[in-house]
Amino acid sequence: MTSTTSPATTGRRSPAPHGAPPTAAPASSKPGGGSSRLHRNEKKWALLFVAAPVLGYLLFVLYPTVFAAYASLTRWNGLGPMQFVGLDNYVALAGDERFRQALFNTFFYMIGIPVGLAISLALAIAMNRKIIGLTAFRTIYYIPVISSIAAVAILWQWAYNGDFGLVNQFLAFFGIDGPNWLADPTWAKPAIILMAVWKGLGYSMLLYLAAIQSVPRSLYEATALDGAGAWRQFRAITLPMVRPVTFFLVVTQVIAGAMIFTEINIMTPTGGPEYSTASAVFYIWKQAFQYRQMGYATAAAIVLGILVLIITLIQFRLNKRNSFAID
Amino acid sequence: MRKSRLIAGIVTALVAAGSVTACSSGGGSGADADTITFMFRGGDAEKAAYQDAIDRFTEETGVKVKVIVTDADQYATKLQAAVAGNKVPDVFYVEQGSLQSYVSSGVLMDITDQVAEQGVDLENVWPYGVDSYRFDGTLQGTPDGQLYALPKDVGPMALGYNKTMLEEAGVELPDPDEPLTREAWLEILKKVTTDTDGDGEVDQWGTGLNVNWTLQSFVWSNGGDWTNEDRTQVTVDTPEFADALQFFADLTTEKVTPNPEQAATLDTYQRFMAGEIAFFPVGPWDVATYNDLEFDYDLMPWPTGATGEPATYIGSLGIGVSNTTAMPDDAVKLATYLSTDETAQQTLVDANIQIPNRIDTAEEWATASDAEPANRQEFLDIVQDYGRAMPAAYTYSPQWYDELFVGIQPVIDGKQKAADYLAEVQPRMQELLDQTNEQAEQAAAAGAAG
């Protein structure tokens, strides 16, 4: 039974059998002589196809990144000429209380990620059973994912209304006097987390569902023979088997979470009571487009980018240490 | 051999990419020799009215106009992106608060002379509207700067009241010319705040104001202001200012407004429209909607503070011309047409989205016998007499101004004294205002050098 934890060390570098058969492709292209017309033609096309994403990357990713790195070292209003000021923007950022608060809020929102993952895993397991109205349930949970975030944010804004909102009406049903969610500094953040979790549930659920369905039945059968109960099976088989999906979801959701903006801007256009809902991107956007400090905003964006990069690297590290393979 | 293929591949791809970008640049300015682009924002009613006016302009002058419309909240971002991408529209809306940065960055054209050449009688356009877009290099909003845009409209924020409700409550209707003192007004508020259906819960209130959009009136009327005259000193820590904010906050503790925390939401707007609130701000753009409500309403002067004079703000949007337009004459012609042409103005006024820019048209409009609300004249009084620009309308960036409202909620909730809060926030605002002014100077210097 302990085998489920030990593979972390033993099974890591096991020679994978599926890597063994040598690919036959190079051999078949040789006899042609190497310079046939067809071959040349194909190569040209291949290059073109390769060039498209490479150029796209250079043009739309690398160039803007380099440009932003430079812009963060300038005083620039986004319209006129740039003026090089060295690290001034970064120094100012270090003492910028609002930026710190916005960063704090942004990472606070990420509390929603593990919560959302736990719920969606539970849902995925439920959806994996044969229950009546399965397709209907799956659809219901997936609808928020494909809905426009702007529309959803407006709806939730109403739902959170202190007096008439659905949320408080529901709470009143149990005799709870709900707060005025979005106008209360302590409740505004949880309110936004709740919405984000609800919105992302379907997507995580779908991925988990796929992962659960690809777990070999034989594993469950074997453990059942060994007398493992449902909970034990879940902990020993399901959870480790969906690990790659969990990892993928955590990484992508942390990155997406760092960029949370639309719902904040719509639900609390001033950054919330006492700046309690402002996210880092909200702050950056305000600085760039409302306060005409494009250079400063770019510096803030770079800081945010670096923070996310560091977190992601740590995640990869942790994942590597804990990973295992089943053949 | 291999290398040359690689190069050939890259070159081909580059050419392909180049032709794609060349295609997409067709949307920018100056693509067609006889078309000018006009970028603006607005709701459906506004779009329709403007399209009408533009069609007529094309008919009269033969100049084709390509229209780019955005949603209100995306406009600033999109315009800035257009500027950054060197695709400045020939004619576009410019906010009062953005004028300086667009001028110092060389985006806006100085249209003083061209407008004069058009033979436009600027005397017949609200001075506030025109002066909003004058800038002398240091101060904006003064009558003697160079002209960089024409007003699209002026937006006086009046105070409205639910006439039906006041009549039912047996309250004397507010006099259109004699403003109430704020104390007398408070008495009325208390009188109309009641439980109408007898279920033990108050369901009708005196008012419900959003601090962001109404505090100005109380402060100014009380003799306070956000800054000194040359906009270098933040003056929110004066007793006049504190007294006004305290009065505003006390409206909630006096329980004449729906709920302590509602000021930050839109609810009071909806409640006013549902007939639950007696007094609520009314802008010209609200008139089309409010005229369809089930109760009668009218406009009145804002209640007064220590100075005894009412006060409120006037918003405005300008129509500017790009410095790099290929057709400056036609572009200026379009800007003046939309701002001052009689028929064009009539179209917009008929759509009930703004008051006329032309003074003569406006006066006729205000005194029309079928005017709804009856006291439309109040809008004009505000523009002519007692309206002012928003505190941050003429500073380079509004960050210093926004700072006041970030932490104001405890004051509104009655948890902190206004004077204490203002003393606390003033240094932060001052620091930001200093930064803003410094930014303005640097931008002006950089613009002059570039």
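**Exercise 1.** What area is buried between chain B and chain A, and what percentage of it do carbon and sulfur atoms give?

*Solution.* The model is a predicted one. Between chain B and chain A, about 3200 Å² is buried. Carbon and sulfur atoms give 53% of this area. The residues in the contact number 36 from chain B and 33 from chain A.

**Exercise 2.** Determine how many salt bridges and polar contacts link the two chains, and describe the side of chain B that touches chain A.

*Solution.* Begin with the charged pairs: two salt bridges are counted between chain B and chain A. In one salt bridge, Lys286(A) meets Asp402(B) through their side chains, at 3.8 Å from N to O. Next, 13 residue pairs, both at pLDDT 80 or more, are in polar contact between the chains. Turning to the elements of chain B, helices that each supply at least two residues of the side touching chain A include H1 (2–24), H17 (399–406) and H19 (418–449). The largest share, seven residues, comes from H1(B). Finally, the classes on this side of chain B are 13 nonpolar, 15 polar and eight charged residues.

**Exercise 3.** Explain why strand S3 of chain B is largely enclosed by the rest of the structure, and identify its strand partners.

*Solution.* Strand S3(B) spans residues 91–95, and four of its five residues are buried, so the rest of the structure largely encloses this strand. Strand S1(B), residues 35–41, pairs with S3(B) in the parallel sense over two bridges. Here Phe38(B) has Val91(B) as its bridge partner. Strand S11(B), residues 312–321, pairs with S3(B) in the antiparallel sense over five bridges. In S11(B), Val321(B) is the bridge partner of Val91(B).

Key: Residues are numbered from 1 along each chain as its sequence is written. Chains are lettered from A and ligands numbered from 1 in the order in which they are written. This is a predicted model: local features need pLDDT of at least 70, side-chain atom pairs count only at pLDDT 80 or more; totals for chains, interfaces and linings use all residues. Side-chain values use heavy atoms; hydrogens and water are left out. Contact means heavy atoms within 4.5 Å. Buried area is the accessible area (1.4 Å probe) that two parts lose on being put together, summed over both. A salt bridge is a side-chain nitrogen of Lys or Arg within 4 Å of a carboxyl oxygen of Asp or Glu. A polar contact is a pair of N or O atoms within 3.5 Å; within protein, one must be able to donate a hydrogen and the other to accept it, and residues adjacent in sequence count only if both atoms are side-chain atoms. Ala, Val, Leu, Ile, Met, Phe, Trp, Tyr, Cys and Pro count as nonpolar, Asp, Glu, Lys and Arg as charged, and the others, Gly among them, as polar. Buried means under 20% relative accessible area, exposed over 50%, partly exposed in between (1.4 Å probe, protein chains only). Two strands pair if DSSP finds at least two bridges between them.
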